[in-house]
Amino acid sequence: MKIKYAIILGLLAILIGAGIGLKMFFKPHADINKLKTEFKVDASGLIGEFEQDENTATFKYSEKVLEISGKLVVKNKLSNGTDLLILEDEMQGISCQLDSSWSAANQETIEALETGSSITVKGICKGYLMEIKVSPAVVISK
Amino acid sequence: MLKKLFILIFITASIGASGQGKFIAKNAYISFYSSTPLEDILGESNEAVTILNAETGEIGFQALMTTFHFKRALMEEHFNENYMESAKYPKARFNGKIEGFTKDMLNAPIANIKVTGLLNVHGVEKTITVPGTLGIENGKLVGTSKFEVTPEDYGIVIPAIVRDKIGKQMEVTVKANYLPFGQ
């Protein structure tokens with residue numbers, strides 16, 4: 001009788017373990033819309049922080065969820081279809097690659113964006129390579 | 001006659017000067033690929049920055065490790081936390097030079113090239129020579145490369161339990177659509 005229980009218990013443990021393992025394996029990517037904003041910043045201020053001390057700014061912002069407000073200077077589509085928005089400066093500004101599923105559902109919003117206007121994007125800051133890289137991102141206000 | 005020659009030299013020199021400068025791609029593509037029995041592992045970034053010096057044929061690449069996206073969130077986590085240690089080594093860099101570079105290569109149809117330089121990944125630097133292509137495609141200067149790297153060469157430790165499942169070598173693919181810059 002005891003052996004029977006032990007076997008059932010063992011099988012149950014394996015099943016739960018496999019379940020957790022599979023759940024972890026198939027864990028979806030984080031939905032940027034649902035992530036909590038950690039920093040609300042102004043585009044030019046953020047650029048200033050990275051230009052002044054890249055290491056400190058990278059440590060502070062890398063992999064963090066940011067809400068960035070600034071002037072839209074470039075609206076573009078990359079060859080793979082990703083929508084790209086650049087804030088403040090074309091060469092050394094803030095480059096935001098939009099989340100592909102958000103983009104697909106919000107093409108009208110993207111089309112309505114006008115360069116020269118002020119917008120706010122929410123996205124994950126990746127760091128600095130001549131410009132600040134933010135991806136994936138979504139537009140939260142225009 | 002002398003005056004004409006002088007003007008001609010002057011014009012040629014100024015044309016040369018206007019062609020000087022650099023080419024840049026701020027959204028260059030880089031991918032890592034490895035085939036495993038369970039499923040293929042592919043990490044892709046469209047956020048690498050590369051500059052090509054039109055005078056010397058020197059090429060520089062930089063990529064932020066955290067910009068690589070994988071199909072599964074778990075793969076991305078492992079890539080950044082266990083293998084690349086992205087918080088400690090956020091960038092990968094390559095600085096090299098096109099072998100036998102001439103300026104004509106920048107205006108010619110796509111042709112094969114070889115680039116030799118220093119690749120810095122995971123804080124480890126190694127000299128590599130990689131094959132690639134460079135030339136005009138649809139009116140734009142395009143550079144590509146495909147080569148293999150061995151993670152162990154760069155001090156990337158892959159645990160024994162998954163070591164057999166991940167190919168010994170990772171295939172790296174690079175593609176950049178260059179634009180003139182800083183003329």
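The following exchange asks how some descriptions of this predicted model are reached.

Mentor: Residues are numbered from 1 along each chain as its sequence is written, and chains are lettered from A in the order in which they are written. Because the model is predicted, local features need pLDDT of at least 70 and side-chain atom pairs count only at pLDDT 80 or more, while totals for chains, interfaces and linings use all residues.

Trainee: Why is A54(B) called buried?

Mentor: A residue is buried if 20 or more other C-beta atoms, placed from the backbone, lie within 10 Å of its own, exposed if 12 or fewer, and partly exposed in between. A54(B) has 22 C-beta neighbours inside 10 Å, and therefore counts as buried. In chain B, buried residues make up 27% of the 183 residues.

Trainee: What makes the place of A54(B) a loop between β2 and β3 of chain B?

Mentor: Helices are DSSP runs of H or I with at least four residues, and strands are runs of E with at least two, numbered from the N terminus. A54(B) lies between β2 (41-53) and β3 (58-64) of chain B. Its C-alpha atom is separated by 6.6 Å from that of K103(B), 49 residues apart along the chain.

Trainee: How many residues does each chain give to the contact?

Mentor: Two residues are in contact if their C-beta atoms, placed from the backbone, lie within 7 Å. The contact takes 22 residues from chain A and 14 residues from chain B. On the side of chain A that touches chain B, the elements giving two or more residues are α1 (2-25), β4 (94-98), β5 (118-129) and β6 (131-141) of chain A.
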